[in-house]
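Let's take a walk through this model, with an eye on its ligand site, its empty spaces and a few backbone oddities. Have the viewer open and follow along.

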Amino acid sequence: MPALILDGKALAKKTEQELTARVSALKTSSGTTPVLATILVGDDPASATYVKMKGNACERIGMQSKKIEMPATSSTQDVLDKITDLNNDPSVHGILLQHPVPPQVDERACFDSIVLSKDVDGVTCEGFGRMAMGEKAYGCATPKGIMRLLEAYDIELEGKHAVVVGRSAILGKPMAQMLLNKNATVTICHSRTQNLEAHIKQADILVGAVGKPEFIKASWIKDDAVVVDAGYHPGGIGDIELAPLAERAKAITPVPGGVGPMTINTLIYQTVESGESSL
Ligand code: NAP
């Protein structure tokens with residue numbers, strides 16, 4: 001049977017319609033327009049494109065984005081000072097520091113200086129810790145977007161064996177924790193994992209977050225698995241060899257059009273929530 005396509009593009013579009021209505025209602029009831037501040041440090045073209053896409057998504061739903069561009073020579077203190085200003089600015093509801101920052105900037109220190117109530121990209125240690133403990137916090141945007149996609153398609157997680165390949169702070173680790181929170185049994189694989197193929201073969205739910213084009217082979221994946229590919233590489237390929245799975249996986253996220261649109265959508269979704277809760 002053909003795999004169910006977990007269509008992130010369609011879900012993001014539908015959610016944008018709902019968010020547009022919520023933003024409009026917020027403006028009418030309180031005069032508040034949710035504002036996402038984006039900080040781009042340096043001139044990396046890919047990062048500039050991502051920030052632009054995030055700003056465009058804000059505009060589509062009637063929110064505002066406040067774009068801050070800082071020179072590539074900025075110091076950690078320069079970025080910390082800017083984040084402090086935004087933390088203290090009551091007109092700003094969410095802060096996004098675009099990853100990666102130039103090497104002289106301590107990205108972790110900068111992420112952690114974002115006040116929890118404006119951490120709509122879910123990058124602070126405090127937010128991660130609270131999420132892990134089941135307390136309220138905005139989720140890290142990419143894994144939270146994946147969870148929203150799985151939920152929209154009623155993918156059962158409880159008791160399933162989820163294998164996450166990758167353990168980065170912004171993807172693999174929070175992904176594993178979110179799946180654990182939903183009562184999946186979770187295995188996390190990384191570059192020192194032995195017998196990777198054998199672990200992947202156990203997966204009822206597989207999340208590929210490796211950063212290497214089609215690194216995970218279709219032949220390693222069992223029939224009827226739910227396959228989530230977080231990777232994106234030039235030419236529209238992901239971290240998983242998806243094509244052969246189209247007829248034998250239970251469900252797959254397409255690349256492009258699966259995880260990517262859900263990341264930006266989760267960022268604006270959480271900024272709207274922040275705008276609503278700031279009243
Ligand atoms: P990352 O920081 O480079 O992390 C890659 C992870 O893969 C690391 O944990 C690494 O293990 C692991 N890994 C590397 N080689 C491996 C191997 N041979 N076997 C098993 N594990 C291996 O990347 P990331 O930021 O998490 O991103 C992962 C992918 O997601 C990339 O393709 C990226 O483009 C994509 N991404 C997409 C979005 C989106 O919005 N769609 C957002 C973010 C990222 P170690 O920890 O041991 O080094």
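What follows goes from the overall layout to the ligand, then to the cavity and a pocket, and ends with the backbone.

Before anything else, keep in mind that this is a predicted model. For the overall layout, the domain assignment splits out domain 1, residues 30-118, and domain 2, residues 141-259. If you take the C-alpha centres of domain 1 and domain 2, they sit 29 Å apart.

Now zoom in on the ligand. Its shell is made of 23 residues, and the closest of them are R167, S168, S191, A230 and T263. Two of those names come back when you look at polar atoms. R167 puts a polar side-chain atom 2.8 Å from a ligand oxygen, and T263 has a side-chain N or O atom 2.8 Å from an oxygen atom of the ligand. On the nitrogen side, look for K212: one of its polar side-chain atoms is 3.0 Å from a nitrogen atom of the ligand. How much of the ligand's accessible area does the protein cover? On its own the ligand has 930 Å² of accessible area, and the protein covers 71% of that.

What sort of residues make up this shell, by class? There are 10 nonpolar and 10 polar residues, plus 3 charged ones. If you're colouring by secondary structure, pick out helix α9, residues 259-277, which gives the most to the shell with 3 residues.

Next, switch the ligand off and look for enclosed space. A count of cavities of 30 Å³ or more comes to 1, and the largest cavity has a volume of about 30 Å³. Its lining consists of G122, G127, F128, M131, Y138, G139, C140, P174 and M178. Helices α5 (125-132) and α7 (172-181) each supply at least two of the lining residues, and α5 gives the most, with 3. As for class, the lining of this cavity has 6 nonpolar and 3 polar residues, and no charged ones.

Open space comes next, in the form of the second largest pocket, which holds about 560 Å³. It is lined by 22 residues, of which K144, M147, E151, M178 and K182 are closest to the centre of the pocket. Helices α6 (141-152), α7 and α9 are the elements that give two or more residues to this lining. The biggest contribution is from α6, with 5 residues. You may recognise M178, which is on the list for the cavity lining and also among the residues closest to the centre of this pocket. Helix α9 is a familiar name too, as the top contributor to the ligand shell. By class, this pocket's lining has 8 nonpolar, 4 polar and 10 charged residues.

Last stop: the backbone. As background, most peptide bonds are trans, and most residues other than glycine have a negative phi. Where does this model depart from that? Start with the bond joining H99 and P100, which is cis with omega at about 0°. You'll find P100 in the loop between β4 (94-97) and α4 (107-112). Then go to the peptide bond from V255 to P256, also cis, with omega near 0°. Here P256 sits in the loop between β9 (251-252) and α9. Finally, check phi at N183: it is positive, about 70°, even though N183 is not a glycine. Look for N183 in the loop between α7 and β6 (185-189).

Terms used: Residues numbered from 1 in each chain as written. Predicted model: local features only at pLDDT ≥ 70, side-chain atom pairs only at ≥ 80, totals over all residues. Heavy atoms only, no water. Near = heavy atom within 4 Å. Polar contact = N/O pair within 3.5 Å; in protein donor to acceptor, adjacent residues only side chain to side chain. Areas by Shrake-Rupley, 256 points an atom, 1.4 Å probe, with all protein chains shown as cover. Helix = DSSP H or I, 4+ residues; strand = E, 2+ residues; numbered from the N terminus. Nonpolar A, V, L, I, M, F, W, Y, C, P; charged D, E, K, R; others polar. 1 Å grid on protein atoms, 1.4 Å probe; cavity = no way out; pocket = protein on both sides within 12 Å on 5 of 7 lines; lining within 4 Å. Points joined across faces, edges and corners; volume = space filled by probe spheres on them. Domains from an automatic or database assignment.
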